Amino acid sequence: MENRKIKVLLVDDCLAMAVALSALLSQNHHLQVVGLAQHGRQALEFAETMSPDVIVTDLEMPVMNGAEFVVRQMSERAIPILVFSGLELDDPLAAKAMAAGAVDFLRKPARSEEVSVQQELLQSKIMEAGRQLSPNSIL
């Protein structure tokens with residue numbers, strides 16, 4: 001079995017959040033952040049050129065929101081997409097993203113005490129999504 005990292009594309013219009021999330025995920029030796037997109041249209045381009053194994057997207061973004069991005073990405077090339085948003089799961093954007101094929105939904109931490117728990121949960125969900133994609137090539 002080939003041991004390779006799970007390539008992750010992060011999509012978030014808040015650059016500070018994307019950079020912080022990238023730094024946190026990069027601490028996991030099984031994950032490699034291959035790109036940071038600031039909206040859905042850019043994420044579509046990055047997904048095509050960077051070939052990520054898993055995508056983590058926010059929902060509320062300019063140009064193209066995360067729900068529309070999930071719809072478009074899944075119609076072009078299905079990639080496991082995790083929604084990581086401050087919205088609730090019952091929000092119409094979250095419901096649209098999940099109905100379009102997003103594999104899971106996690107709320108961004110609202111308080112600093114929640115950060116480490118959400119970080120571990122997000123890493124676990126990324127690893128799970130990456131394994132579902134190609135179980136023989138990823139740790």
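**A walk through an alternating β-α chain**

Let us begin with a pair of helices: H3 and H4 are roughly parallel to each other. This is a predicted model, so please read everything below in that light.

What lies behind that description of the pair? Two packed helices are described by the angle between their axes and the distance between the axes. Here the axes of H3, residues 66-76, and H4, residues 92-100, come within 8 Å and cross at roughly 10°. Since angles under 35 degrees count as roughly parallel, the crossing of roughly 10° puts H3 and H4 in that class. Turning to the side chains, H3 brings Ala67, Glu68, Val70, Val71 and Met74 to the contact, and H4 meets them with Leu93, Lys96, Ala97 and Ala100. By residue type, this contact of H3 with H4 has 7 nonpolar residues, 2 charged ones and no polar ones.

Now step back to the whole chain. The protein chain has 5 helices and 5 strands, and from the N terminus on they run β-α-β-α-β-α-β-α-β-α. The chain has 139 residues, and 45% of them count as buried. Looking at contacts between residues at least 6 apart in sequence, 65% join residues at least 24 apart.

Helix H2 gives a good view of how burial is shared out. Which residues of H2, spanning 40-50, are buried? They are Gly40, Ala43, Leu44, Phe46 and Ala47. The elements covering these buried residues include the strands E1, E2 (31-37) and E3, along with helix H3, the helix we met at the start in its pairing with H4.

Follow the chain out of H2 and you come to Ser51, whose phi is positive, near 45°. Ser51 has this positive phi although it is not a glycine. Ser51 sits in the loop between H2 and E3 and is partly exposed, with a relative accessible area of 33%. A second residue to look at is Val63, in the loop between E3 and H3. Val63 is not a glycine either, and has a positive phi of about 70°. Is Val63 buried or exposed? With a relative accessible area of 51%, Val63 is exposed.

Next, let us look inside. Rolling a probe the size of a water molecule over the atoms shows where empty space is left. In this structure there is 1 cavity of 30 Å³ or more, and the largest cavity has a volume of about 50 Å³. Its lining is made up of Leu10, Val11, Asp12, Met17, Ala18, Leu21, Val56, Thr57, Asp58, Phe84 and Lys108. Two or more of the lining residues come from each of strand E1 (6-11), helix H1 (15-26) and strand E3 (54-57). H1 gives the most, with 3 residues. The lining divides into 7 nonpolar, 1 polar and 3 charged residues.

Our last stop is Asp104, in strand E5, residues 104-107. How far apart are Asp104 and Val56? In sequence they are 48 residues apart, while in space the distance is 9.7 Å, C-alpha to C-alpha. Val56 is one of the residues lining the largest cavity. Leaving aside residues up to four places away in sequence, Asp104 touches Ile81, Leu82, Val83, Met98 and Lys125. Among these, Met98 falls within the 92-100 span of H4, which brings us back to the helix pair where we began.

Notes: Residues are numbered from 1 along each chain as its sequence is written. This is a predicted model: local features need pLDDT of at least 70, side-chain atom pairs count only at pLDDT 80 or more; totals for chains, interfaces and linings use all residues. Side-chain values use heavy atoms; hydrogens and water are left out. Axes are lines fitted to C-alpha atoms, for helices over the stretch in contact, and angles run from 0 to 180 degrees between N-to-C directions. Helices (H or I, at least four residues) and strands (E, at least two) are DSSP runs, numbered from the N terminus. Angles under 35 degrees count as roughly parallel, over 145 as roughly antiparallel, 65 to 115 as roughly perpendicular and the rest as oblique. Contact means heavy atoms within 4.5 Å. Ala, Val, Leu, Ile, Met, Phe, Trp, Tyr, Cys and Pro count as nonpolar, Asp, Glu, Lys and Arg as charged, and the others, Gly among them, as polar. On a 1 Å grid over the protein atoms alone, a cavity is a set of points where a 1.4 Å probe fits but cannot get out, and a pocket is an open set with protein on both sides within 12 Å along at least five of seven lines; lining residues have an atom within 4 Å of a point. Grid points are joined across faces, edges and corners, and a volume is the space filled by probe spheres set on the points. Buried means under 20% relative accessible area, exposed over 50%, partly exposed in between (1.4 Å probe, protein chains only).
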